[in-house]
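Please look through the sequence and the fold shown here before reading on. The explanation that follows starts from a single residue and works outward to the core, the helices and the pockets.

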Amino acid sequence: MCKRKKSKRQIAMGWVREEPEPAFFPEGYTVEKYNGNPNQRKEFFRLWHGKYGSEKEVNDMFKRTFVHYRDCKPEKDVHFVKFGDEYIGTITAIHHPFGNLGYVHMVAIREDFRGKHLSRPLNYIAMKKIYEDGSGRAYLTTNEWRKNAIRSYIKAGFYPLQNGVGRAEKKEMIERWKKVYEDLGLGELKMLDKRYKFIPREKLQ
């Protein structure tokens with residue numbers, strides 16, 4: 001019997017409470033919170049899949065991603081960005097009371113609107129919400145290949161967060177982040193441990 005190959009854990013990023021620097025969308029863009037409109041759910045599905053889904057697919061994804069997600073309050077946490085009447089982006093900011101922890105969830109910008117410098121104001125929506133919730137820390141997960149997104153999260157005040165389990169995976173996470181920093185030309189790696197404290201330089205060697 002063939003063993004299933006273990007998939008790599010996503011990389012994580014952490015933020016320690018600091019008032020976020022304001023960033024705003026250019027003229028023509030508006031921000032809208034989720035209000036229960038079925039059309040918002042339909043557009044959310046399209047932002048993630050690049051196409052519209054059936055009513056069942058749309059509702060199942062929305063329930064799984066938000067309604068059944070711990071501590072998520074869709075009407076407060078889920079935000080959409082529109083250009084005119086078109087939905088072109090989304091970001092969600094959840095506050096977990098236990099641990100006083102914020103979480104940036106389900107971030108997407110429509111493909112034809114990428115490269116228009118919208119990441120910074122999009123992230124600001126989430127960071128402002130998390131800051132106003134009183135979160136002392138926040139985190140998000142992403143993938144190495146999302147280089148532009150990682151750069152934008154760093155600009156929003158996030159640092160690599162050690163989310164490896166066991167010595168071998170922790171070492172692997174450091175190496176993965178070193179490669180990301182090298183690819184992005186970010187210089188020396190700065191990384192937070194699970195307590196959101198900076199890991200000493202010598203331990204990152």
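**From one strand residue outward**

Leaving aside residues up to four places away in sequence, T90 touches F44, L47, W48, V78, H79, F80, M106, V107, A108 and L122. The model is a predicted one, and within it T90 belongs to strand β4. Is T90 buried or exposed? With a relative accessibility of 0%, T90 counts as buried, because the cut-off for that word is a relative accessible area under 20%. T90 and F80 are 10 residues apart along the chain, and their C-alpha atoms are separated by 4.4 Å.

Two of the contacts of T90, F44 and L47, are also among the buried residues of α1, a group made up of Q40, R41, E43, F44, F45 and L47. These buried residues of α1 pack against β2 (29–33), α2 (55–67), β3 (78–83), β4 and β5. The helix itself has 12 residues, which should span 16 Å at 1.5 Å a residue, and because its end C-alpha atoms are 17 Å apart, the model agrees with that expectation.

Another contact of T90, L122, leads to the largest nonpolar core, which has 35 residues and in which V104, L122, F158, W177 and M191 have the most contacts. The elements that give two or more residues to this core are β1 (11–16), β4 (86–96), β5 (101–109), α4 (119–133), β6 (137–142), α5 (147–155) and α6 (166–184). Of these, α6 gives the most, with six residues. A second core, separate from this one, has 14 residues and includes M61, C72, V78 and Y103. In soluble globular proteins, nonpolar side chains tend to be buried together. The surroundings of V104 can be listed in the same manner as those of T90: apart from residues up to four places away in sequence, V104 touches I91, T92, A126, M127, I130, Y139, L140 and F158.

Three of those partners, A126, M127 and I130, are also buried residues of α4, where P121, L122, N123, Y124, I125, K129 and the three just named are buried. The 15 residues of α4 reach 21 Å from the first C-alpha to the last, close to the 21 Å expected at 1.5 Å a residue. After α4 comes G134, whose phi is positive, near 90 degrees.

K129 of α4 also appears among the contacts of D77, which touches D71, C72, I91, T92, A93, I94 and K129 when residues up to four places away in sequence are not counted. D77 lies in helix α3 (residues 74–77), and its relative accessibility is 2%, so D77 counts as buried. Its partner D71 is found in the loop between α2 and α3 and has a relative accessible area of 27%, which means that D71 is partly exposed. Most residues other than glycine have a negative phi. D71, however, has a positive phi, near 70 degrees, and Y196 likewise has a positive value, near 65 degrees.

Y196 lies in the segment after α6, and because its relative accessible area is 10%, Y196 is buried. K203 is also placed in the segment after α6, but it is exposed, with a relative accessible area of 60%. K203 and I174 are 29 residues apart in sequence, while in space they are 9.5 Å apart, C-alpha to C-alpha.

**The pockets**

Which residues are the closest to the centre of the largest pocket? About 1100 Å³ of space lies in this pocket, and of the 37 residues that line it, I109, R114, S119, R146 and A149 are the closest to its centre. Two or more lining residues come from each of α1 (38–49), β5, α4, β6 and α5. By class, the lining has 15 nonpolar, 12 polar and 10 charged residues.

The second largest pocket holds about 370 Å³ of space. Its lining has 16 residues, and Q162, K170, D193, K194 and I199 lie nearest its centre. The largest share of this lining, four residues, comes from α6, the helix that also gives the most to the largest nonpolar core. By class, the lining of the second largest pocket divides into six nonpolar, three polar and seven charged residues.

Terms used: Residues numbered from 1 in each chain as written. Predicted model: local features only at pLDDT ≥ 70, side-chain atom pairs only at ≥ 80, totals over all residues. Heavy atoms only, no water. Core = buried A, V, L, I, M, F, W, Y, C linked by side-chain atoms within 4.5 Å. Buried < 20%, exposed > 50% of the residue type's maximum accessible area, 1.4 Å probe, protein only. Contact = heavy atoms within 4.5 Å. 1 Å grid on protein atoms, 1.4 Å probe; cavity = no way out; pocket = protein on both sides within 12 Å on 5 of 7 lines; lining within 4 Å. Points joined across faces, edges and corners; volume = space filled by probe spheres on them. Nonpolar A, V, L, I, M, F, W, Y, C, P; charged D, E, K, R; others polar. Expected span 1.5 Å × (residues − 1).
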